[in-house]
Amino acid sequence: GVVIAAPHEGFDEHTSPIAKSVAGSLGAGWVVANGYRDPARQQWIDVNRPTQREYVGGKAAKGKVTRKATKVYERYQRLLRKAGKRKRKAPLELLVEIHGHARVAMIGGQRVRVRVIELATRGFSEEALKGLKARYEILVAALPARDRIPLLVEQLDPTFTFRGQELKYHFRASGAKKRGSLRAESAKRILHFELPQAIRFKPNRREAYAALFSDLLRSLP
């Protein structure tokens with residue numbers, strides 16, 4: 001009933017090794033989708049929801065539901081249930097999706113990469129989320145100082161301070177919650193991690209955070 005997934009590998013680069021490593025540590029199922037978001041080929045299918053962006057004049061238009069995207073999404077759903085050993089349409093107990101971001105903010109007149117993890121959730125009480133964040137802070141404190149990256153939780157951190165500037169929480173996965181894999185019909189509980197490049201692009205940090213996330217998920221009630 002537990003699946004770790006990376007639906008945007010190839011665009012959210014180096015998310016699949018983390019998903020597979022965490023799944024292996026937990027004995028959970030895993031699903032990876034690779035290459036469905038590929039601007040070079042002018043293909044943009046969201047995978048974890050039935051939407052696609054058509055390219056007009058070389059630029060991606062607003063996402064909309066299409067037959068092609070729906071087929072890809074339905075296949076993703078089937079594979080999630082298979083990986084989680086669930087019968088047809090039975091929801092998973094827990095779905096963890098690993099995504100990547102390259103968020104930039106203007107700080108001090110310069111464009112700066114925002115080195116934070118954002119976690120969108122559903123199906124958890126506020127108390128459980130506070131416990132999850134507290135456990136994360138214990139685990140991340142064991143890493144070298146240069147490798148410690150803050151975790152922000154959707155329901156707990158509407159704003160946060162980064163390098164002296166107040167920023168708003170951004171990645172809420174609202175599309176997938178409304179009509180995608182993060183609906184209650186798909187999984188009873190969901191964790192949607194958005195990882196910065198600072199984690200994904202360095203092999204040693206990928207390994208360190210895969211181990212950290214494994215320990216973090218083991219602590220879930």
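Is Gly-63 buried, partly exposed or exposed? In this predicted model, Gly-63 counts as partly exposed, at 29% relative accessibility. The briefing below starts from the central sheet, moves to the helices and the aromatic rings, and then returns to Gly-63 and to Ala-105.

**The open sheet**

- Six strands form an open sheet in the order β2-β1-β9-β16-β12-β13, and their pairing is mixed.
- The edges of this sheet are strands β2 (29-34) and β13 (151-153), each of which pairs on one side only.
- Averaged over the sheet and with direction ignored, neighbouring strands are turned by 20° against each other.
- Strands β1 and β9 run parallel and are joined by four bridges, with Val-3 standing opposite Leu-95 in β9.
- Strand β9 (residues 92-101) also runs parallel to β16, to which nine bridges join it, and here Gly-100 stands opposite Leu-195 in β16.
- Strand β12 (residues 117-122), by contrast, pairs with β16 in the antiparallel sense over five bridges, and Glu-118 stands opposite Glu-194 in β16.
- Strand β16 (residues 187-196), which thus pairs with β9 and with β12, is mostly covered, since eight of its ten residues are buried.
- In a regular strand the side chains alternate between the two faces of the sheet.

**Helices against the sheet**

- Helix α3 (residues 126-140) packs on the sheet, where it touches β12, β13 and β16, and its direction makes about 175° with that of β13.
- Helix α6 lies across β1, β9, β12 and β16, and runs at about 155° to β16.
- In helix α1, the buried residues are Ser-16, Ile-18, Ala-19, Val-22 and Ala-23; seen down the helix axis they fall within an arc of 165°, so they line one face of α1.
- An α-helix has 3.6 residues a turn, so residues three or four places apart point the same way.
- The cover over the buried residues of α1 includes the strands β1, β2, β9 and β16, together with the helices α5 (197-200) and α6.
- Gly-27 follows α1 and has a positive phi, near 70°.

**Aromatic rings**

- The model holds three aromatic pairs under the distance rule applied here.
- Phe-11 and Trp-44 form an edge-to-face pair, with 4.9 Å from centre to centre and 70° between the planes.
- Because Phe-11 lies in the loop between β1 (2-9) and α1 (16-26) while Trp-44 belongs to strand β4 (residues 43-44), this pair ties together parts that are 33 residues apart in sequence.
- The two partners differ in burial class, for Phe-11 is partly exposed with a relative accessible area of 34%, whereas Trp-44 is buried with a relative accessible area of 11%.
- The rings of Phe-193 and Phe-213 have centres 4.8 Å apart and planes at 40°, so this pair is tilted.
- Phe-193 in strand β16 and Phe-213 in helix α6 (residues 203-218) are 20 residues apart, and their pair links distant parts of the chain.
- Both of these rings belong to buried residues, with relative accessible areas of 1% for Phe-193 and 2% for Phe-213.
- Ring pairs link Phe-193, Tyr-209 and Phe-213 into a cluster.
- Trp-44 has a further partner in Arg-53, whose charged end sits over the ring of Trp-44 at 4.7 Å from its centre.

**Gly-63 and its surroundings**

- Gly-63, partly exposed at 29% relative accessibility, lies in the loop between β7 (59-60) and β8 (64-65).
- Leaving aside neighbours within four places in sequence, Gly-63 is in contact with Gln-52 and Arg-53.
- Gly-63 and Arg-53 are ten residues apart along the chain, and their C-alpha atoms are separated by 4.4 Å.

**Ala-105 and its surroundings**

- Ala-105 has its place in strand β10 (residues 104-107), and at a relative accessible area of 10% Ala-105 is buried, because the cut-off for that class is under 20%.
- Beyond its neighbours within four places in sequence, Ala-105 is in contact with Gln-110, Arg-111, Val-112, Val-114 and Leu-167.
- Ala-105 and Lys-64 are 41 residues apart in sequence, and the C-alpha to C-alpha separation between Ala-105 and Lys-64 is 28 Å.

Key
Residues numbered from 1 in each chain as written. Predicted model: local features only at pLDDT ≥ 70, side-chain atom pairs only at ≥ 80, totals over all residues. Heavy atoms only, no water. Buried < 20%, exposed > 50% of the residue type's maximum accessible area, 1.4 Å probe, protein only. Helix = DSSP H or I, 4+ residues; strand = E, 2+ residues; numbered from the N terminus. Pairing = 2+ DSSP bridges. Phe/Tyr/Trp six-rings, centres within 6.5 Å; stacked < 30°, edge-to-face > 60°. Lys NZ or Arg CZ within 6 Å of the ring centre and 35° of its normal. Axes fitted to C-alpha atoms, helices over the stretch in contact; angles between N-to-C directions. Contact = heavy atoms within 4.5 Å. Arc of directions from axis to C-beta.
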